[in-house]
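This report looks at a chain through one of its residues, its strand pairings and its nonpolar cores. The sequence and the structure come next.

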Amino acid sequence: MTDTIQTPADEATNEATDAVQAEEFLHLDPADIIIGTNVRNDLRPDHKEFRKSIKERGVLEAVTVYRNEDGQYVLLRGQRRTVTAADVGTPTGLIPARVLPQPDDADRIGDQMVENIHRAGMRETEIVSGMEQLALLGVSAAQIAKRTSIDRPTVNAALAVSKAGETRAKYEAGDLTLEHAAIYAEFEDDEAAIDRLDRARTSRWGDSVEHVAQKLRDEAAESAAYDAEVERMRAEGLPVLSFDEADDADGSLLLEDMRTVEGEPVPVDQWAALDGVAVIVTEEWEYPETETDPETEDDEDATYDDEAEAVKVYRQMWVVTDIEASGLIHRSRVGRTDDDLGDGPEAHDPEADAAAEAEAEERRAERRRVIAYNKAWASAETVRREWLAGFVARKTAPKGAEALICEAVVTGHHSLSKAMDHRHPMLFTLLGIDVPTGYYGAGHGECHKIATKASTPKAATMTTLAAVVAAWEATTGKHSWRNPTAWDARVLGALVEWGYQPSEVERILLGEEPQPSTEDDSDAAAAEASDEASDSAA
């Protein structure tokens, strides 16, 4: 049944036919309306108050339909109202409907999502489904964000989840948030990575899912860089071992400690021509020496921000993998016979041997710790700065912000002083603003814009807090876990109170001892293999 209400028509020009189409407002029998494809699949039709309202008062807001080729009315928007009205009835038996020209699929899906996305009742799983449909129609992620007014990171996360079968099943079952599901989707084909993410998600201790995910990304990048370095050296004709081969060569003697039968060392430029030798690529962290100010040497708040960051470099470690093939002997055997190298008391000093081994193990442990924590800090820095970028965009400051600002300003903390002298480069970075360069004082105009934009007391407090936190962030680096200060603990502690989840290595700044790692220890194992090879000459 159709009851037509005459209204002025809005003209619309069809590019193909230049025909004039008019919008109509009708009253339709909800049972006659065809329910077309909709991004919303859970209508919650059993809501008692909603059903009662429809039955007693009818549908108050018109639904939207279009006529198909057969003259039937197909629903565009208002599925829940239409289905409920058909089920419980209305006082007149009809519902108001707005009739529009038939849209294309992308417009239909986008409009349905815009209508439903910001409603409290629409589930994230339905959002993912809607974005998947738009993507299948060739709509880009940028256009989906524009059509639906959903931020780009959420769109990217939803599209990633829609393509990952196992992860999507976990997400739709309610086991994962959309943010975590996007991370799981990234590593779906890596069982070991998924296992590490599961441990992070279910454990009360250790790194968060976000921190573990960044470690996984960094480890993959490091592995690729390592393999590239191996291939580069091989292209130069060097007998370089792969990572796995180097692990198998654990305990090999260093070539620099080997001698010819005449007791002479082999010239370095002849190493590549020897048989039974190989190169292991090792990673080292170099800390350039910096001068220490005697006046601040014993000050726990002394500045470390001018200390050069540790730089990872690759080294060639030549080892002997086949002593017989090489024809070399260890330098300790030069001029000695087999009888001289017996196992009697005169050949060994057990206490000296034990002390030497303990010292060597201490060196190895410290080196493993430095390598592991440096890498962990680099990963944590990425996660922390992503979090800070969202934090500094807040409209209002969190509880306790004024106290932190007061302490930084009144004490004239060096991090804030330095940031002010250099026009807050880290604040610019976190806000997504290009850092001005080229002349002294560059950035003054941009700083003025940031300051004057904060026109209310709440906004001004938040902007000042952002400047203080960004100033501290700019002074952090791999040196921070080695030389934590009271100000590090103060600022990071505040960030934790405001919602940041620190990684294990960041907790060192808070005075907490890192918990034993349950993650993949491949980096530490590689360092240990390198150390043992270095110590095998002892």
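In this predicted model, threonine 475 has a relative accessible area of 11% and therefore counts as buried, since that class takes in values under 20%. Threonine 475 belongs to helix 18, which covers residues 457-475, and its side chain reaches the backbone oxygen of tryptophan 472 at 2.7 Å.

Helix 18 also takes part in the largest nonpolar core, a set of 37 residues in which Leu404, Leu465, Trp481, Leu495, Trp498 and Val505 have the most contacts. Two or more residues each come from helix 13 (350-391), helix 14 (401-410), helix 15 (414-421), helix 16 (425-431), helix 18 and helix 20 (486-497), and the largest share, nine residues, is that of helix 18. Once neighbours within four places in sequence are set aside, leucine 495 is in contact with Trp387, Leu388, Val469, Trp472 and Tyr500. Another core, of 30 residues, lies apart from this one and includes Leu176, Ile183, Ile194 and Leu216.

Strand 3 (residues 63-67) is mostly covered, with four of its five residues buried, and its two pairings are set out below.

| Partner of strand 3 | Sense | Bridges | Facing residues |
|---|---|---|---|
| Strand 5 (residues 95-100) | parallel | four | valine 63 and alanine 97 |
| Strand 4 (residues 73-77) | antiparallel | four | threonine 64 and arginine 77 |

Strand 3 and strand 4 form a hairpin with five residues between the strands, and in this hairpin glycine 71 takes a positive phi near 80 degrees.

Terms used: Residues numbered from 1 in each chain as written. Predicted model: local features only at pLDDT ≥ 70, side-chain atom pairs only at ≥ 80, totals over all residues. Heavy atoms only, no water. Buried < 20%, exposed > 50% of the residue type's maximum accessible area, 1.4 Å probe, protein only. Polar contact = N/O pair within 3.5 Å; in protein donor to acceptor, adjacent residues only side chain to side chain. Pairing = 2+ DSSP bridges. Core = buried A, V, L, I, M, F, W, Y, C linked by side-chain atoms within 4.5 Å. Contact = heavy atoms within 4.5 Å.
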